[in-house]
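I opened this notebook to keep track of what I look up, entry by entry. I begin with the cysteines and go on to the rings, the charges over rings, the backbone and the confidence values.

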Amino acid sequence: MNKVINIEKKVNIIIVIIFILFMVIYYIFLTVLMKNDELYFWYNDNKILFNCLNYIFVIFSLITTERIVFKRIYKKYIDVLNNDLEPEKFIKLTETELQKTKRVLYKICLKINLAAGHSALGKTEEALKILEEIDFKGKKVRPNLRMLYYYNKSLFLCILNRKDEAKEIYKDGLEILEKNKHKITMEMKIYFDILKNLIYHEGNRDEIINLYEEIIKISKEKINIIFAKYNIAQYKEKMGNIKEALELYKEVAEKGNKLYITERSEEKIRELG
C-alpha cells in the first residue's frame, strides 16, 4: 500500500526545493558578478538596495508559487470525487488531510468535502452530521465555500424530509448570496434556484429539469453532470416519460463509476426496461 502524503506536506516539500534552487541561482550570480570588476563595484555601491529587492522577489515568488502549487495539487485531490467519481477513495484522502492539517479554515473546507464524499455514497445522515460539526463564528470563510455549506446542508435536510430546518438554512445561504452576488459562481446560483423549488414549490418539475439542464451545460465537474442527469431521469419517470428516463438512467449507470446513483440507475433499468 502506498504511503499517503497530505497536500500541505507535498506543497512544503516543493517550496523548499524551489527555495534551494533560488539560493543556488543567487550564489551562482554572485560568483559571476565577483569576476567582473565593473559589476562588482556597481554591486557594492547598491548592495543594500539590491539585497532588499532580491529578498522581496524571493518572498513574493515563493508565496505565488505556493498558491499555484497548492491549487494544482488540491485540484488533483478534489478530482478524485469530482471527475474520477471515487467517493470511498476521496473520503480516505480527506480524512488523512483532516488528521494532519492544523489550519482552521482548511479544516472547514475539508469537512465540507468529507460530507460531499459521504453524500456521493448515499449516506445523507452521516454527511449532515459532518456539516453540523462546522462552526463559522469568527472565521473569514470565502462566500462560495459558505454557499456550498448552506446548499449541501439544506439539501440533505430536504432529502431527510426536514423541510422546516431546510428553509432556515436556505435563508442563511440566501443572505450570503444577496451580499456577495458578484463573487458567487453562476453554477452555485443555479443550485440555489433548484433548492428554492424543492423547498417552496414542492418540486416544480419542468422548472427543476430546466435548471439541471443548465448545470449540464455550464458545469466542468463530471459529478455535477452525472447527478443532474440522474435527477432529470427521476423527474422524467414521475412525469411518465419512461423512454427518456431510461436513456438517462443508462448513461448514469455507464458513467457513474462508484457513485451510489450508478447502482440505483441499474435497478431502475431492470425495473423499467
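**Cysteines**

I searched the model, which is a predicted one, for disulfides and the count came to zero. I then looked up how accessible two of the cysteines are. Cys109 has a relative accessible area of 9% and is therefore buried, since the cut-off for buried is under 20%. Cys158, at 10% relative accessibility, counts as buried under that cut-off as well.

**Aromatic pairs**

Next I turned to the rings, keeping in mind that a pair of aromatic rings is described by the distance of the centres and the angle of the planes. My count of aromatic pairs came to eleven. For Tyr170 and Phe192 I noted ring centres 5.6 Å apart and planes at 25°, and I entered the pair as stacked because planes under 30 degrees apart count as such. This pair links distant parts of the chain, with Tyr170 in helix α8 (residues 163–179) and Phe192 in helix α9 (residues 186–200), 22 residues apart. I checked the accessibility of both residues and found Tyr170 buried, and Phe192 buried too.

I then took up Phe227 and Tyr260, whose rings form a tilted aromatic pair at 6.0 Å centre to centre, with 50° between the planes. Phe227 belongs to helix α11 (residues 222–238) and Tyr260 to helix α13 (residues 260–272), so this pair ties together parts of the chain that are 33 residues apart in sequence. Tyr260 has a relative accessible area of 23%, and I recorded this residue as partly exposed.

Following the ring pairs onward, I found that they link Tyr151, Tyr170, Tyr191, Phe192 and Tyr200 into a cluster, which takes in both members of the stacked pair, Tyr170 and Phe192.

**Charges over rings**

I looked for charged side chains placed over aromatic faces and wrote down two cases. Arg146 lies over the face of Phe136, at 4.6 Å from the ring centre. The charged end of Lys238 sits over the ring of Tyr235, at 5.4 Å from the centre of that ring.

**Backbone angles**

For the backbone I started from the general expectation that most residues other than glycine have a negative phi. Leu85, which is not a glycine, has a positive phi of about 60°. I located Leu85 in the loop between α3 and α4 (87–100), and with a relative accessible area of 1% this residue is buried.

Asn161 also has a positive phi, near 60°, in a residue other than glycine. I placed Asn161 in the loop between α7 (143–159) and α8, where this residue is exposed, with a relative accessible area of 68%.

**Asn82**

I also looked up Asn82, which lies in helix α3 (residues 47–82) and counts as buried at 16% relative accessibility. Leaving aside residues up to four places away in sequence, I found that Asn82 touches Glu221, Lys222 and Ile223.

**Confidence**

Which residues have a pLDDT that stays under 50? I found that this holds over residues 1–5, for which the model has four contacts beyond four places in sequence. Where pLDDT is low, the predicted coordinates should not be read in detail, and I left that stretch without further notes. For the protein chain I recorded an average pLDDT of 85, with 78% of the residues scoring at least 70.

Methods
Residues are numbered from 1 along each chain as its sequence is written. This is a predicted model: local features need pLDDT of at least 70, side-chain atom pairs count only at pLDDT 80 or more; totals for chains, interfaces and linings use all residues. Side-chain values use heavy atoms; hydrogens and water are left out. Helices (H or I, at least four residues) and strands (E, at least two) are DSSP runs, numbered from the N terminus. Buried means under 20% relative accessible area, exposed over 50%, partly exposed in between (1.4 Å probe, protein chains only). Contact means heavy atoms within 4.5 Å. Rings of Phe, Tyr and Trp (its six-membered ring) pair if their centres lie within 6.5 Å; planes under 30 degrees apart count as stacked, over 60 as edge-to-face and the rest as tilted. A charge sits over a ring if NZ of Lys or CZ of Arg is within 6 Å of the ring centre and within 35 degrees of the ring normal. A disulfide is a pair of cysteine sulfur atoms within 2.5 Å. pLDDT is the predictor's confidence in each residue, from 0 to 100.
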